[in-house]
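Student: I would like a close look at one part of this structure. Please treat the aromatic residues and their surroundings in a connected way.

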Amino acid sequence: MSSLSMLAKSAALAAVLAAPASAAVVVPDSGTTNYEFYWAGGLGPIDGIDGVGDPDWSLTLTSASDVSITARDGFILGDAFELLVGGAYVPWTTIGTTAQGYFQATYQASLAAGSYLFSLRLSALAPGFTTGGAFASFTVTPTVVPLPAAGLLLIGALGSLVALRRRKTA
């Protein structure tokens, strides 16, 4: 088994262990993960994700990553959602509607390594309905960090080679 796949499995296990007992675990480096979520009590926190009673999503990052979260209603016009990260409201990066007029919003952020808890709250309700469902998707992409020290080492090595060559020719 390659060390990369062992690292990925270790990260997934760490995410499961770090997640609160009632949170759906988002596994990093798995592309885009899609979820359905629902509510049955009107405005406020959602009640469950993918048919289970988990009201939140948990994500543990082993390295800095770009995270994109999209919430999209698709059943009844008039529903809208707010996003919380670690219990604090955060603004959507983009907010609008789908071609059919349903609410759709995306949050994008570069997050440091660590554990995060994401929650959605129903903030607007379709007239005449107190229950419903919608969709969420998470995309996690590790951030490529440039190595400035490696560049300095390369420049130093090339400079040393030039100095040695000049010394030999002198």
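Student: Is phenylalanine 103 buried or exposed, and what surrounds this part of the chain?

Tutor: This is a predicted model, in which local features need pLDDT of at least 70 and side-chain atom pairs count only at pLDDT 80 or more, while totals for chains, interfaces and linings use all residues. Residues are numbered from 1 along each chain as its sequence is written, and side-chain values use heavy atoms, with hydrogens and water left out.

Phenylalanine 103 is buried, at a relative accessible area of 9%; buried means under 20% relative accessible area, exposed over 50%, partly exposed in between, with a 1.4 Å probe and protein chains only. Phenylalanine 81 is also buried, at 2%. The ring centres of phenylalanine 81 and phenylalanine 103 lie 5.5 Å apart with planes at 70 degrees, so this pair is edge-to-face. Rings of Phe, Tyr and Trp (its six-membered ring) pair if their centres lie within 6.5 Å; planes under 30 degrees apart count as stacked, over 60 as edge-to-face and the rest as tilted. Because phenylalanine 81 lies in strand S7 and phenylalanine 103 in strand S10, the pair ties together parts 22 residues apart in sequence. Strands (E, at least two residues) and helices (H or I, at least four) are DSSP runs, numbered from the N terminus.

Tryptophan 39 is buried, with 2% relative accessibility. Both Phe81 and Phe103 belong to one aromatic cluster, which also includes Trp39 and Trp57. The structure holds twelve aromatic pairs.
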